[in-house]
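Thank you all for coming. I would like to walk you through one structure this morning, and I will take it slowly for anyone who has not seen it before.

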Amino acid sequence: MSAPHDRARLFCILHIAFCIGLASCASLPKPIALPSDPGTPFSDFAAVHAQLSSACTGVRTLQMEIGLSGRAGNEPLRGRVLAGFERPSSMLLQGVAPFGAPVFILAARDGSATLLLTREDRIIRKAPPEAILGALTGVALDPADLLAVFTGCVVPGPRPTAGRLHAAGIASIEVESVDQGSQRRTATVYLRRNGSQWQLRAAKRDGWQIEYTPGTGSFPQSVRLISTNPDVVVGITAALSQIETNEVLDPKAFIVDEPKNVMPMTVDELRQAGPLRDK
């Protein structure tokens, strides 16, 4: 896989998965402007956060379809992924091709992931799921974090610690993660007043600005992730549909059924073929 023609072949496989290679000069839409003023105390922040997060904190399992669009590095990225999550750390992602079997299958459980590139018969075994996702898309988040971001919790098991009111009907709430067995995470959640109600609009956390489009139900209609790390140029919108929560999932769903004669590869090899590869 280290030879240039092997990297080019693998890049073509990823092209099929994400339709990379469209109008590379296109620029990323600008992030929405978030308040920078100190604001004033928001006395009801805990009650408001409890109301807004009640749906996402109650999610044990999540199944959905994700329509991806945006950019990673210098490459446009577009594709469709079928996703499944189960707390605390299980994940299944299948890259959907226009026809035939999935282009890739990524399954993770307990901090270990397997990626199968079905068209290439290549496999990565026992790698951190966030490392594989970072190589594929530039979004290096683990399953618990992705579940939290997609459902609007922003961090796993969020607990509000402070709140401020800003101009133009915007409020900010500081949250920290209380998810058992994981490292402490912090984030700032931004809400927008809609009549007498508050809606989740955006968030900031460890290298990301996250922007939300409210849906008609309890979960966002779309989630946009924009890297705030100047060394990682990523802006991806995930349109969420066919959402089902708290269904019983077969534990075997998070295990890749390996075909015969697959060839092992490394995360570094995947990264060199992916959208953030070295030029």
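Before I point to anything, one convention: when I speak of a strand, I mean a DSSP run of type E with at least two residues, and these runs are numbered from the N terminus. With that in mind, please keep in view that what you see is a predicted model. The mean pLDDT of the protein is 88, and 86% of its residues reach 70 or more. Confidence is lowest in helix α1, residues 4-18, where the mean is 53, and highest in strand β1, residues 40-41, at 98. Over residues 20-26 the pLDDT stays under 50, and for that stretch the model has 16 contacts beyond four places in sequence.

Let me begin with arginine 122, which sits in strand β7, residues 122-127. Which side chain of opposite charge is nearest to arginine 122? That is glutamate 269, at 4.3 Å, and arginine 122, although buried, has no salt bridge. A salt bridge here requires the side-chain nitrogen to be within 4 Å of a carboxyl oxygen, so a pair at a distance beyond that cut-off is not counted. What the side chain of arginine 122 does reach is the backbone oxygen of proline 264, at 3.1 Å.

Turning to the strands, β1 pairs with strand β8, residues 158-166, in the antiparallel sense over two bridges, and the bridge partner of proline 41 in β8 is arginine 164. On β8 there is also an antiparallel pairing with strand β9, residues 170-177, over eight bridges, in which arginine 159 stands opposite glutamate 176. β8 and β9 form a hairpin with three residues between them, and alanine 168 in the turn has a positive phi of about 60°.

Now to two helices. Helix α4, residues 143-151, has nine of its nine residues buried, and it is therefore largely enclosed by the rest of the structure. At its start, a side-chain oxygen of aspartate 142 reaches to within 3.2 Å of the backbone nitrogen of alanine 144, while after α4 comes glycine 152, with a positive phi near 95°. Helix α3, residues 129-137, is mostly covered, with seven of its nine residues buried, among them Ile132, Leu133 and Leu136. This helix, too, is followed by a glycine, namely glycine 138, whose phi is positive and near 90°.

How many salt bridges does the structure hold? There are 11, and I will describe three pairs. Glutamate 65 forms a salt bridge with arginine 80, the closest N and O atoms being 3.4 Å apart; the pair links strand β2, residues 61-72, with strand β3, residues 75-86, across 15 residues. Glutamate 211 forms a salt bridge with arginine 224, with closest N and O atoms 3.1 Å apart. Because glutamate 211 lies in strand β12 and arginine 224 in strand β13, this pair ties together parts that are 13 residues apart in sequence. Glutamate 211 counts as buried, at 6% relative accessibility, and arginine 224 also counts as buried, at 12%.

The third pair is aspartate 268 with arginine 271, at 2.7 Å between the closest N and O atoms, and both residues lie in helix α5, residues 267-273, about one turn of the helix apart. Aspartate 268 counts as exposed, at 51% relative accessibility, whereas arginine 271 is partly exposed, at 32%. Lastly, Asp142, Asp145, Arg185, Arg205 and Asp206 are linked in a network of salt bridges, and Asp145 is one of the buried residues of α4.

Key. Residues numbered from 1 in each chain as written. Predicted model: local features only at pLDDT ≥ 70, side-chain atom pairs only at ≥ 80, totals over all residues. Heavy atoms only, no water. pLDDT = per-residue confidence, 0-100. Helix = DSSP H or I, 4+ residues; strand = E, 2+ residues; numbered from the N terminus. Contact = heavy atoms within 4.5 Å. Buried < 20%, exposed > 50% of the residue type's maximum accessible area, 1.4 Å probe, protein only. Lys, Arg positive; Asp, Glu negative; His and termini not counted. Polar contact = N/O pair within 3.5 Å; in protein donor to acceptor, adjacent residues only side chain to side chain. Pairing = 2+ DSSP bridges.
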